[in-house]
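Trainee: Could we go through this model together, with a reason behind every label? I'd like to see how each word is earned.

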Amino acid sequence: MRKQNLKQSTAKNIKLQTKHIILIVILSVMSGRSVSAQETNKAIENKVKSLLSQMTLEEKVGQMTQVDFTVIGVYKQQNAEGQIDPVKLDDAVLKHHAGSILNAPFTPDNKAQSVETWRKMIRTVQDAAARTRLKIPVIYGIDAIHGATYTQNSVLFPQAINMAATFNAELAFKEGEITAREVRASGLQWNFSTVMDIGRQPLWPRLWETFGEDVHLATVMGTSYIKGHQGDDFSAADKAPTCLKHYVGYSYPLNGKDRTPAWIGERMLREYFLPTFEAGVKAGSPTVMVNSAEVDGIPGHANHHYLTTILRGELGFKGIAVSDWADIERLYTRDKMAASPKEAVKIAVMAGVDMSMVPFDFSFYDLLIDLVKSGEVPMSRIDEAVSRILTVKHQAGLFDSKPLLPVEGNFATAEAIETNRQAARESIILAKNDHNILPLKKDASILVAGPTANLLSVMNGGWTITWQGATEYLYPQEKLTVLEAIQEKSAGKVTYVGGGSFYAPIDIQKVADEAQNHDVILLSLGEHPYTETLGNIESLNLDQAQVDLANAAIATGKPVVLLTLGGRPRIITSIAERASGVILGFLPGMEGGEAIADILYGDYNPNGRLPITYPRNTNGITPYDYKPIESFELNRYNPLYPFGHGLSYTTFETSGLKVEKDKINQGENINVTVNVKNTGPLTGKEAVLVYINDVAASVTRPNKQLKAFKKVELNPGQTESLSFTLTPHDLSFIGVDLKRIVEPGDFKVMVGNETVGFTVMK
Ligand code: BGC
């Protein structure tokens, strides 16, 4: 007995001791870490100071200059091998001291380079940097927007709008990890991603580059990506610095066209457009790229208030503010804000731009040197910018001259491709499923029609192999289009009537004739790939040719499943209303075809949710977090599908919503619990979304706002209890005096069909 007790107490002691040891280890690791992080920062600061003190004005301004690859590349119609002209390289790096290079070699079709070619190119560039007086490495930047865009056979994920639809932060984290690894395996060092703009203007041709219309969702997905991409220390061989784009207010052009004015008041800016950048800075992203357009009449590159007062003063950002493409000279050529190119450089640098993406010459370099020599730009501002650039180069480990990350095990691994497929599956939204038309039986006879059924480009969008992503023949042959993936899975007859308003005319008669021999029509509509200004449109309506095809398909009387692919919510109302099933695919990436087929046939149970409001009509662009006035009297939020909409092949029920307390003090957190049950026949994943409403406030508040979400996987009949913590920040808003406040009063918490309340006390 005593022995037994002794044994128990000894076991307890050992357990306790172990716990203590673990605690001590954790504490010492933590404190060791922070000490060493501090030491590293101090060491970097000293190195930067010492380097700066040795630099000439020309060397400093060179660091602030970023040029395109064409400035160093061999001029060739087909520079597929990424050949570098040694004379041009020396001119850029040794004579003009260029601090950064970007982009892929220009060829008529902008073909992506192999991973080996990229490694060779970057080595050549860094060898030139090593021959400079102070041996300051060049930082090579690239738009690895949904994976390593310009490296052949890289893992290309669903675009951000789809990643947001997964409501799965872990997938965004993994995308960040995999992208960083593939960028680094390609020798590249800086990723111009992630886009932290909020997608509240559906016409905007870069909507799909955003994580959707909601601030909380975009914050969680964007910061998870950054953490995956950078880890704790982005000097690691498989990590790289990210870039927050496009600071700030770029995504809300009044007329919907890219690079046109936004009119965003400061309250709106602080409520909707600034918080994601603030979170990105907190998550440790060391660079931001500046808004290419203008807000409230001030071009992004001239906005001292945004770039310096807010970004540095309030957000505490210490890194590099890089211009967007040619946007400093555009203050003169486009905006007529500067009277000369020189004045444009002065305005941008003094507003707070540290590095100019010039990108084709050394005009910025020459003009800025003149401006410093004439005293119009103080040396202190140059030193500030260059210190930031050198600091990030140190933090990124560029001075450490480590060997490149091996390709083997880090590039296009089977595991990464599987993660990509999972991300694609979770990003696809089943919007309508009348009479369980889906999943299809494997032996069903299917007529596939429409312009997006047999192309990979329409599932990937811009920033895929090429800038616009539209060069279909460059896509990897082994990846499957929707049609090919269906053909692979089907045990029935699959007939394809191709064409569409893009690439080929639609044979409507053939669709009508063929339909008679099939059980169901899969109508694959949407958009061709695009990005930036080339994607501008006049209307969200689908083109007439696609509408005609849809009408012909529906007129056959056969059940129609509508699949949409593309970056924007094009108006599909009349088609969707008459179709039996609707799948919103957006841009699911390189594994999209297989993921869509998995869902069509029920090999995967869909769980994507809309990260935007899907408009019913072209002008119905009210977001889900509309103000009371937008649903007052005759006004209504009446989308085709609301934000958060998405069906499953099983059913879920949330119940028992509770807040931990009826009353809290200002500054306190409050916990919320809710049960979620799988009430249907299949295992599935469900994203549980927690909304709040501030019942009465001194500034009008949205009818609801998402403040937390969790995705769970449940077997049939299984229930899980979820808990969420709402913080004072979640309850806050931008008050009358433009400061963030929490006002005492009543709040509602809403999950599923339930609402509970609590009060914040005075
Ligand atoms: C885009 C940026 C991009 C840059 C470099 C610009 O046109 O607006 O998003 O990072 O080009 O390619």
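Trainee: What makes strand S16 (residues 581-586) mostly covered?

Mentor: First, some ground rules: this is a predicted model, where local features need pLDDT of at least 70, side-chain atom pairs count only at pLDDT 80 or more, and totals for chains, interfaces and linings use all residues. Residues are numbered from 1 along each chain as its sequence is written, and side-chain values use heavy atoms, with hydrogens and water left out. Now for S16: six of its six residues are buried. Buried means under 20% relative accessible area, while exposed means over 50% and partly exposed is in between (1.4 Å probe, protein chains only).

Trainee: Which residues of S16 point each way?

Mentor: Gly 581, Ile 583 and Gly 585 go one way, Val 582, Leu 584 and Phe 586 go the other, and all of them are buried. That fits a general pattern: side chains in a regular strand alternate between the two faces of the sheet.

Trainee: How do you know that S15 and S16 pair?

Mentor: Count bridges! Two strands pair if DSSP finds at least two bridges between them. Strand S15 (residues 560-565) shares five with S16, in the parallel sense, so the pair passes that test. Thr 564 stands opposite Leu 584 there. S16 is also joined by four bridges to strand S11 (residues 429-433), but those two run antiparallel; Lys 432 has Val 582 as its bridge partner.

Trainee: Why is the unit of S15, helix H20 and S16 called right-handed?

Mentor: H20 covers residues 573-578, and the names are simply DSSP runs numbered from the N terminus: helices are H or I with at least four residues, strands are E with at least two. A crossover is right-handed if, with the strands pointing away from you, the path from the first strand over the helix to the second runs clockwise. This β-α-β unit is right-handed, so that's the path to look for on your screen.

Trainee: What makes S14 largely enclosed by the rest of the structure?

Mentor: Seven of its seven residues are buried, so the label follows. It has parallel partners too: strand S12 (residues 446-449) over four bridges, and S15 over six. Ser 524 has Leu 563 in S15 as its bridge partner. From S14 the chain crosses through helix H19 (residues 544-555) to S15, in another β-α-β crossover listed as right-handed.

Trainee: Why is helix H21 (residues 592-600) called largely enclosed?

Mentor: Nine of its nine residues are buried, so the rest of the structure largely encloses it. Its cover includes helix H15 (414-426), helix H17 (482-489), S14, S15 and S16. Just after H21, Gly 602 takes a positive phi of about 75°.

Trainee: How do you know that Gly 499 is buried?

Mentor: Its relative accessible area is 17%, and that falls under the cut-off for buried. Gly 499 lies in the loop between strand S13 (494-497) and helix H18 (508-515). Leaving out residues up to four places away in sequence, it touches Gly 450, Pro 451, Ala 504, Pro 505 and Ile 506, where contact means heavy atoms within 4.5 Å.

Trainee: What makes H12 and H13 roughly perpendicular?

Mentor: The axes of helix H12 (residues 341-351) and H13 cross at roughly 75° and come within 9 Å. Axes are lines fitted to C-alpha atoms, for helices over the stretch in contact, and angles run from 0 to 180 degrees between N-to-C directions. Under 35 degrees is roughly parallel, over 145 roughly antiparallel, 65 to 115 roughly perpendicular, and the rest oblique, so these two count as roughly perpendicular. Val 345 of H12 and Leu 368 of H13 are among the residues making the contact.

Trainee: Which residues touch the most other members in the largest nonpolar core?

Mentor: Tyr 247, Leu 368 and Leu 584, out of 164 residues. Helix H13 (residues 363-373) gives the most to this core, with seven. A nonpolar core is a set of buried Ala, Val, Leu, Ile, Met, Phe, Trp, Tyr and Cys residues joined through side-chain atoms within 4.5 Å. A second, separate core has 41 residues, including Leu 480 and Tyr 649.

Trainee: Why does strand S21 (705-714) have one side without a neighbour in the sheet?

Mentor: The open sheet has five strands in the order S18-S26-S25-S20-S21, with mixed pairing. S18 (663-665) and S21 stand at the edges, each with a single partner strand, so one side of each is left without a neighbour. The twist averages 25° from one strand to the next.
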